[in-house]
Amino acid sequence: MTPVQALAKNRESSLGRPPVDKNKAKFWESKLHALLVDRLNHIPNMVRGGRINPTELSRKTGKCRYTIYRWLNSDHISASGAAGLIQISDGRLAQEDMIPFLFA
């Protein structure tokens, strides 16, 4: 008797990755992103095409890339993250600049 392979059933539409929300703002549209582009553009490879390079920012701050994306998507940053950004900015970012973005 020859084995018969059953074909996989189509997955229900409720399973899998959710659809992309086209109304959600992109990370490069946030106020934190605009501030970082303005103040960190002196660092080589930090700004490409008018956007922050999350990989380079993660290297400079010592934070993982996921954390950088979380900061930019939520427009919030931790105190240690803000301190790291101030440190790499060579005096172009001040504590006062980061206050609106700090976690409460």
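User: What does M98 touch, leaving out residues up to four places away in sequence?

Analyst: In this predicted model, M98 touches L32, L35, I77, A82, L85, I86 and L93. Contact here means heavy atoms within 4.5 Å.

User: What makes the set with L36, L40, L57, L85 and M98 a nonpolar core?

Analyst: The term asks for buried residues of nonpolar kinds such as Leu and Met, joined through side-chain atoms within 4.5 Å. The largest such set has 20 residues, and those five have the most contacts inside it. Helices α1 (31–40), α3 (65–74) and α4 (79–88) each supply at least two of its residues, with α1 giving the most, 5 residues.

User: Why is α2 called roughly perpendicular to α4?

Analyst: Check the angle: α2 (residues 54–61) and α4 pack at about 95 degrees, with their axes 9 Å apart. Roughly perpendicular covers 65 to 115 degrees, so α2 gets that label against α4. L57, K60 and T61 of α2 meet G84, L85 and I88 of α4. By class, that's 3 nonpolar, 2 polar and 1 charged residues.

User: How do you know that the buried residues of α4 sit on the same side?

Analyst: Buried means under 20% relative accessible area, and in α4 that picks out G81, A82, G84, L85 and I88. They cover an arc of only 160 degrees around the axis, so they're on the same side of α4. These buried residues pack against α1, α2, α3 and α5 (95–98).

User: Which exposed residues does the face turned away from that buried side carry?

Analyst: A79 and Q87; exposed means over 50% relative accessible area.

Conventions. Residues numbered from 1 in each chain as written. Predicted model: local features only at pLDDT ≥ 70, side-chain atom pairs only at ≥ 80, totals over all residues. Heavy atoms only, no water. Buried < 20%, exposed > 50% of the residue type's maximum accessible area, 1.4 Å probe, protein only. Helix = DSSP H or I, 4+ residues; strand = E, 2+ residues; numbered from the N terminus. Axes fitted to C-alpha atoms, helices over the stretch in contact; angles between N-to-C directions. Parallel < 35°, antiparallel > 145°, perpendicular 65-115°, else oblique. Nonpolar A, V, L, I, M, F, W, Y, C, P; charged D, E, K, R; others polar. Arc of directions from axis to C-beta.
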